Amino acid sequence: MKIAIYPGSFDPITLGHMDIIRRAAACFDKVYVCVMVNAEKKNPMFTAEERLELIRKSVAGIPNVEAELWCGLLADYAVEKGSRVLVKGLRNATDFDQEYQMAAINKGLCADLETVFLSASAPYQHFSSTMIREMIRYRQPMEKYVPAPVAEELAKRR
């Protein structure tokens, strides 16, 4: 069984993330969306548990995808899940530079761990979770950027 892990902080999950998840799910038998706690992101919009629940609702229709929370090293999570593949989405060269570094670190931690890069589909290359959070602060409509469960949660919070 080919198992892949798609890690991220997903604060919040976007339609760009969903595109990568769907494409990875078409390539692998099982995809774990791993909600990571990023200590450098000081003021998350959603708690890790809220992000996990929003992702679970968003991927509910994709049978070979599960979401889990992990607070340790990604390489350790991969070993625990029996995965040798990390999936990373790339929007631009800046993303590549950062993710290439992380791929090297993960490879150093676990020699069998490979990172597969998926280029963002054209409609999703221009936005990020950071941009989404900024738009949310200014009460902009989110339906074009986030899955329905996230849009519904944001509507409740207004």
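A surface patch of nonpolar side chains is made of residues with over 30% relative accessible area and no salt bridge, joined within 5 Å. The structure treated in these exercises is a predicted model.

**Exercise 1. The nonpolar patch**

Which residues form a nonpolar patch on the surface, and what is their accessible area together?

Solution.
Step 1. The patch consists of Leu73, Met102, Ile105 and Leu109. Together these residues have about 370 Å² of accessible area.
Step 2. Take Met102 and place it in the chain: Met102 belongs to helix α4, which covers residues 93-109.
Step 3. Check Met102 against the cut-off. A patch residue needs over 30% relative accessible area. The value for Met102 is 36%, and the residue counts as partly exposed.

**Exercise 2. The order of the sheet**

Determine the order of the strands in the open sheet, and state which strands stand at the edges.

Solution.
Step 1. The sheet has 5 strands in the order β3-β2-β1-β4-β5, and the pairing is parallel.
Step 2. The edge positions are taken by β3 (65-70) and β5 (114-119). Each has a single partner strand, so one side of each lacks a neighbour in the sheet.
Step 3. On average, neighbouring strands of this sheet are turned by 30° against each other, direction ignored.

**Exercise 3. Bridges between the strands**

How many bridges join β1 to β2, β1 to β4, and β4 to β5?

Solution.
Step 1. Strand β1 (residues 3-8) is joined to strand β2 (residues 30-36) by 6 bridges. In this pairing Ile3 stands opposite Lys30 of β2.
Step 2. Between β1 and β4 there are 2 bridges. Two strands pair if at least two bridges are found between them, so β1 and β4 qualify with their 2 bridges. Ile5 stands opposite Leu86 in β4.
Step 3. β4 and β5 are joined by 6 bridges and run parallel. Here Val85 has Glu114 of β5 as its bridge partner.
Step 4. The connection from β4 to β5 involves helix α4: β4, α4 and β5 make a right-handed β-α-β unit.

**Exercise 4. The setting of β4**

Is strand β4 largely enclosed or left open by the rest of the structure?

Solution.
Step 1. β4 covers residues 85-90, and 5 of its 6 residues are buried.
Step 2. The strand is therefore largely enclosed by the rest of the structure.

**Exercise 5. Salt bridges**

How many salt bridges are counted, and where in the chain do the partners Lys30 and Glu66 lie?

Solution.
Step 1. The count comes to 8 salt bridges. Three of them, including the pair named in the task, are taken up here.
Step 2. Lys30 and Glu66 meet through their side chains at 2.5 Å, N to O. The pair links distant parts of the chain, with Lys30 in strand β2 and Glu66 in strand β3, 36 residues apart.
Step 3. Compare the accessibility of the partners. Lys30 is buried at 13% relative accessible area, whereas Glu66 is partly exposed at 33%.
Step 4. Glu68 and Lys81 form a salt bridge at 3.0 Å, N to O. Glu68 lies in strand β3 and Lys81 in helix α3 (residues 74-81), so the pair ties together parts 13 residues apart in sequence.
Step 5. Arg137 and Glu134 form a salt bridge at 3.8 Å, N to O. Both lie in helix α5 (residues 129-137), 3 residues apart, and are thus separated by about one helical turn. Arg137 is partly exposed at 47%, and Glu134 is partly exposed at 38%.

Note on methods: Residues are numbered from 1 along each chain as its sequence is written. This is a predicted model: local features need pLDDT of at least 70, side-chain atom pairs count only at pLDDT 80 or more; totals for chains, interfaces and linings use all residues. Side-chain values use heavy atoms; hydrogens and water are left out. Patches are made of residues with over 30% relative accessible area and no salt bridge: like charges are joined within 9 Å, nonpolar side chains (Val, Leu, Ile, Met, Phe, Trp, Tyr) within 5 Å. Accessible areas come from the Shrake-Rupley method with a 1.4 Å probe; for residues, only the protein chains shown count as cover. A salt bridge is a side-chain nitrogen of Lys or Arg within 4 Å of a carboxyl oxygen of Asp or Glu. Helices (H or I, at least four residues) and strands (E, at least two) are DSSP runs, numbered from the N terminus. Buried means under 20% relative accessible area, exposed over 50%, partly exposed in between (1.4 Å probe, protein chains only). Axes are lines fitted to C-alpha atoms, for helices over the stretch in contact, and angles run from 0 to 180 degrees between N-to-C directions. A crossover is right-handed if, with the strands pointing away from the viewer, the path from the first strand over the helix to the second runs clockwise.
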